[in-house]
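Here are my notes on the model you passed along, set out point by point. Have the viewer open while you read.

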Amino acid sequence: MLTILLSAPYMIPEVKRFEPVFAYFGLEVIQPIVNERLSEEELLAYAGQFDAAICGDDRFTERVLQACAGRLKVISKWGTGIDSIDRQAAARLGIQVRNTPNAFTLPVADTTLGYILLFVRKLLWMDEQMKQGHWKKAQTRSLAECTLGVIGVGNVGKAVLRRGRAFGMRLLGNDIIDIAPDFLREVEVKMLPLEELLQQADFVSLHCDLNPTSYHLINKNTLSLMKPTAVLINTARGPIIEEPALIEALRSQQIAGAALDVFENEPLPHDSPLLAMNNVFLAPHNANASPMAWERVHWNTIRNALEGLGLPTQPLESLREQYGKTF
């Protein structure tokens, strides 16, 4: 019998619904206790016991992959980001790595614009003042008076820029690859070197993959280039920001604020200084929240696992009609 290690946090609450699907294909499921993700040591405890993995941001390091090699055929990542998997080692060991590209573009882009609106219109600040009995008017701006800088002009970055254009913002972009000219003309975005974007933007939003070129891209030096009135938004990956440098920039008012959905260490430690800052919005890696998007990813992740195991996927559509959710 083939065995799947199911550790994707978003699928675990729904596992009862998918049990008949796994049973149809003769798959046994190992379901470990997961606190956000499995560490290297936690994965090693299951090495050699599973043929496929349906995972979240579990740490599939070279050491883990070597221990799993021989039996493990496919790692099916729930979602898009696969930076927690050593893909070079997986390829060398003949282990497939699959994901769902463009999975959460719309909810993540919506979240980014939500944060921008909260800062620029000071909505929560005014609500708090009113509830404390203070009738205080705030100095706010229209988005049409602001410049949005997007670092990483992929699917999500493009969606954020389109939303910014709808609000009349001045748009700047930065990427390590060339962006299609038709998109640049469509949204009227100006591509700039990183330093120039940081110097000009009122809102800097991160949407790049986590890779060697983006690790700690935002650090003490790059933060020093930003306006003291600027806000940094990260809905991509935590390690893109050097967190201690950001904390110091916020404390010293080198920048005005930040909105963070992701962190270097997740869950965010209870003693993090970020939790006590009133110029920061925090969320528990939840920008992807969307029932329709999640459902699509659930089924595509199962499909990827089946394909990686060499099992037929034709019955999956009828199973989805029977056990899937409709909206």
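**Notes on the chain**

1. Let's start with Asn155, since this is a predicted model and local contacts are a handy place to begin looking. Leaving aside neighbours within four places in sequence, Asn155 is in contact with Asn102 and Thr105. The residue belongs to helix H7, which covers residues 155–166. Pro101 is also worth finding on screen: Asn155 and Pro101 sit 54 residues apart in sequence, yet their C-alpha atoms are 9.1 Å apart in space. As for cover, Asn155 has a relative accessible area of 47%, so it is partly exposed.

2. Now to Ala109, in helix H5 (residues 105–121). Its relative accessibility is 0%, and the cut-off for buried is under 20%, so Ala109 counts as buried. What does Ala109 touch, leaving aside its neighbours within four places in sequence? The partners are Val156, Ala159, Val160 and Arg163. Ala109 and Ala159 are 50 residues apart along the chain, with 5.9 Å between their C-alpha atoms.

3. On the overall fold: the chain has 13 helices and twelve strands. The radius of gyration is 22 Å, close to the 20 Å from the globule rule for 327 residues, so the chain is as compact as a globular protein of that length. Along the principal axes, the C-alpha atoms fill a box of roughly 65 × 45 × 40 Å. Of the 327 residues, 50% count as buried. Among contacts with a separation of 6 or more, 62% come from residues 24 or more positions apart.

4. A word on surface and charge. The accessible surface comes to about 15800 Å², and carbon and sulfur atoms account for 52% of it. There are 32 positive and 37 negative charges, and their mean positions lie 5 Å apart.

5. Helix H1 (residues 15–24) is a nice one to view end-on. Its buried residues are Val15, Arg17, Phe18, Val21 and Phe22. Seen down the axis of H1, these fall within an arc of 140°, so they line one face of the helix. The general pattern is familiar: an α-helix has 3.6 residues a turn, so residues three or four places apart point the same way. On the face turned away from the buried side, H1 carries the exposed residues Lys16, Ala23 and Tyr24. What do the buried residues of H1 pack against? The list is strand S1 (2–6), strand S2 (27–30), strand S3 (52–55), helix H12 (291–308) and helix H13 (316–323). After H1 comes Gly26, with a positive phi near 70°.

6. Thr3 is in strand S1. At 5% relative accessibility, Thr3 counts as buried. Not counting residues up to four places away in sequence, Thr3 touches Glu28, Ile30, Gln49, Phe50, Asp51, Ala52 and Arg71.

7. Finally, some backbone geometry to check by eye. Glu266 and Pro267 are joined by a cis peptide bond, with omega about -5°; Pro267 lies in the loop between strand S11 (257–260) and strand S12 (280–282). Lys122 is not a glycine but has a positive phi of about 55°. Lys122 is in the loop between H5 and helix H6 (123–131), and it is partly exposed at 34% relative accessibility. His285, also a residue other than glycine, has a positive phi near 55°. Its place is the loop between S12 and H12. Is His285 buried or exposed? With 13% relative accessibility, His285 counts as buried.

Note on methods: Residues are numbered from 1 along each chain as its sequence is written. This is a predicted model: local features need pLDDT of at least 70, side-chain atom pairs count only at pLDDT 80 or more; totals for chains, interfaces and linings use all residues. Side-chain values use heavy atoms; hydrogens and water are left out. Helices (H or I, at least four residues) and strands (E, at least two) are DSSP runs, numbered from the N terminus. The radius of gyration is taken over C-alpha atoms; the globule rule is 2.2 Å times the number of residues to the power 0.38. Buried means under 20% relative accessible area, exposed over 50%, partly exposed in between (1.4 Å probe, protein chains only). Contact means heavy atoms within 4.5 Å. Accessible areas come from the Shrake-Rupley method with a 1.4 Å probe; for residues, only the protein chains shown count as cover. Lys and Arg count as positive and Asp and Glu as negative; His and the chain ends are not counted. The place of a charge is taken as NZ of Lys, CZ of Arg, CG of Asp or CD of Glu. The arc is that of the directions from the helix axis to the C-beta atoms.
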